[in-house]
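Got your viewer open and your mouse ready? Let's take a walk through this protein, one selection at a time.

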Amino acid sequence: MSGDQTVICRCEEVTMSEIQETVNRYKCSSREVKLRTRAGMGPCGGRTCRGMIDRLVEQMGGPSVTKEVSLSYRPPVRPISFGVLGGETK
């Protein structure tokens with residue numbers, strides 16, 4: 001497997017080449033890469049790939065990560081039944 005086909009975001013299956021193409025085409029930040037490619041928007045909410053995306057974008061010539069508009073973590077979502085919400089027990 002070549003480096004360009006390395007999967008960076010496992011949840012959304014975003015590869016390094018997709019991130020590189022996005023940064024080169026749009027000159028975007030890691031937040032914009034997230035919005036354009038969905039990298040970091042999977043079930044883990046970016047917990048496994050966020051730091052790597054930040055570093056890759058910076059190495060590829062994108063803007064440095066600032067604290068002003070950072071990527072946010074999202075809690076994992078699990079399905080829950082209405083019965084559980086209503087207090088029903090079995």
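Below is a list of stops, each with something to select and something to look for.

**The whole chain**

Before clicking on anything, keep in mind that this is a predicted model. Switch to a cartoon view and you should find four helices and two strands. Follow the chain from the N terminus and the elements come in the order β-β-α-α-α-α. Of the 90 residues, 31% count as buried. Now turn on a surface: the protein exposes about 6,500 Å², and carbon and sulfur atoms supply 51% of that area. Contacts also reach across the sequence: among those between residues at least 6 apart, 55% join residues at least 24 apart.

**Stop 1: helix H3**

Select residues 50-59, which make up helix H3. Which residues of H3 are buried? They are Arg50, Ile53, Asp54, Leu56 and Val57. To get a feel for that pattern, remember that an α-helix has 3.6 residues a turn, so residues three or four places apart point the same way. Next, show what lies over those buried residues of H3: the cover includes strand E1 (7-9), helix H1 (16-26) and helix H2 (30-37). Then step past the end of H3 to Gly61, where phi is positive, near 95 degrees.

**Stop 2: the loop between H1 and H2**

Two residues here are worth a click. Start with Lys27, which is found in the loop between H1 and H2. Is Lys27 buried or exposed? Lys27 is exposed, with a relative accessible area of 60%. Its backbone is worth a look too: Lys27 isn't a glycine, yet has a positive phi of about 50 degrees. For background, most residues other than glycine have a negative phi.

Now pick Ser29, which lies in the loop between H1 and H2 as well. Ser29 is buried, because its relative accessible area of 18% falls under the 20% cut-off. What does Ser29 touch, leaving aside residues up to four places away in sequence? Show Val57 and Pro63, and you have its partners. You've met Val57 before, as one of the buried residues of H3.

**Stop 3: the salt bridge**

How many salt bridges does the structure hold? Just one. Select Glu12 and Arg38 and show their side chains: these two form the salt bridge, and their closest N and O atoms are 3.2 Å apart. Glu12 sits in the loop between E1 and strand E2 (14-15), while Arg38 sits in the loop between H2 and H3, so the pair ties together parts that are 26 residues apart in sequence.

Check how much of each partner shows on the surface. Glu12 counts as partly exposed, at 27% relative accessibility, and Arg38 counts as partly exposed at 39%. Stay on Arg38 for a moment and look at its backbone: here is another residue that isn't a glycine but has a positive phi, about 75 degrees this time.

**Stop 4: a nonpolar patch**

For the last stop, turn the surface back on and colour Ile80, Phe82, Val84 and Leu85. Together they form a nonpolar patch on the surface, with about 480 Å² of accessible area between them. Where along the chain is Ile80 found? Ile80 is in the loop between helix H3 and helix H4 (82-85).

Definitions and conventions
Residues are numbered from 1 along each chain as its sequence is written. This is a predicted model: local features need pLDDT of at least 70, side-chain atom pairs count only at pLDDT 80 or more; totals for chains, interfaces and linings use all residues. Side-chain values use heavy atoms; hydrogens and water are left out. Patches are made of residues with over 30% relative accessible area and no salt bridge: like charges are joined within 9 Å, nonpolar side chains (Val, Leu, Ile, Met, Phe, Trp, Tyr) within 5 Å. Accessible areas come from the Shrake-Rupley method with a 1.4 Å probe; for residues, only the protein chains shown count as cover. A salt bridge is a side-chain nitrogen of Lys or Arg within 4 Å of a carboxyl oxygen of Asp or Glu. Buried means under 20% relative accessible area, exposed over 50%, partly exposed in between (1.4 Å probe, protein chains only). Contact means heavy atoms within 4.5 Å.
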